[in-house]
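Here are some exercises to work through with the model open beside you. Try each task before reading its solution.

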Amino acid sequence: MLSLDIRMNGTRYICLDTETTGLSASNDRVCEIAALEFDPETFEIVESFHTYLNPCRDVPYYATRVHGLTAGFLRDKPVFAEITDDFLDFVGDSHLLIHNSSFDTRMLNSELSRVGVPTLDMQCRSITCTLRMANALRGRGRNKLDDLCRDFGIDASMRTLHGALVDTQLLVRVVHRLVMMGARLPD
């Protein structure tokens, strides 16, 4: 059984997404992280990591409009420093697949820097941008997660707002379709 051999050898594939208080890595904070490990043969989710985070700052209206998270909802959630070890234990030494990875890695690296931990690329085997993967297969253009779900016939009706968990669930299905079209998962 190849998938069992892959897991036993330590090769893990994880789709990841974040939600944030804004777009600036220096001023904004991560307020939700979802990471789903999937079997590279069946694309079934085998393990998950999900948490909301207290960003220790306000959540601007424009950010709440995107993901629905408010400062009041996040107030009693853990701060990033409290989940860092669990997060890195989950994603460490894995192949991460992230849609528009430059944004998420920039935001997560900023959080890691604040707690004195090496960057995500130092913790993982690889980071693959699934937006670039889609652009390589389909040409540049309409390759946002919503576009890919629509074009691949993936039901995204549960996605009324952006959310790290639902977006990551959809991304696993999108990656599966991209692999079926000829994309390769990292070795």
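**Exercise 1.** In this predicted model, find which residues Leu120 touches, leaving out residues up to four places away in sequence.

*Solution.* Start at Leu120 and collect residues with heavy atoms within 4.5 Å. The contacts are Phe87, Val91, Leu96, Thr105, Leu108, Asn109, Leu112 and Ile127.

Next, place Leu120 in its wider setting. The largest nonpolar core has 22 residues, and Leu120 is among those that touch the most other members, together with Leu16, Ile33, Phe87, Val91, Leu96 and Leu108. Two or more residues of this core come from each of β1, β2 (30–38), α4 (80–91), β4 and α5. The largest share, six residues, belongs to α4.

Finally, look for a second core. A separate one of 21 residues includes Ala134, Leu145, Leu148 and Leu185.

**Exercise 2.** Work out which residues of helix α7 (residues 130–138) are buried, and what covers them.

*Solution.* Apply the cut-off of under 20% relative accessible area. Thr130, Met133, Ala134 and Asn135 are buried in α7. Their cover includes β4 (95–98), β5 (126–129), α8 and α9. Then step past the helix: Gly139 follows α7 and has a positive phi, near 85°.

**Exercise 3.** Describe the largest pocket: what is its volume, and which residues lie nearest its centre?

*Solution.* The volume is about 620 Å³. Of the 25 lining residues, Asp17, Asn100, Phe103, Arg159 and His162 lie nearest the centre. Sort the lining by class: nine residues are nonpolar, nine polar and seven charged. Sorted by element, β1 gives the largest share, five residues.

Note on methods
Residues are numbered from 1 along each chain as its sequence is written. This is a predicted model: local features need pLDDT of at least 70, side-chain atom pairs count only at pLDDT 80 or more; totals for chains, interfaces and linings use all residues. Side-chain values use heavy atoms; hydrogens and water are left out. On a 1 Å grid over the protein atoms alone, a cavity is a set of points where a 1.4 Å probe fits but cannot get out, and a pocket is an open set with protein on both sides within 12 Å along at least five of seven lines; lining residues have an atom within 4 Å of a point. Grid points are joined across faces, edges and corners, and a volume is the space filled by probe spheres set on the points. Helices (H or I, at least four residues) and strands (E, at least two) are DSSP runs, numbered from the N terminus. Ala, Val, Leu, Ile, Met, Phe, Trp, Tyr, Cys and Pro count as nonpolar, Asp, Glu, Lys and Arg as charged, and the others, Gly among them, as polar. Buried means under 20% relative accessible area, exposed over 50%, partly exposed in between (1.4 Å probe, protein chains only). A nonpolar core is a set of buried Ala, Val, Leu, Ile, Met, Phe, Trp, Tyr and Cys residues joined through side-chain atoms within 4.5 Å.
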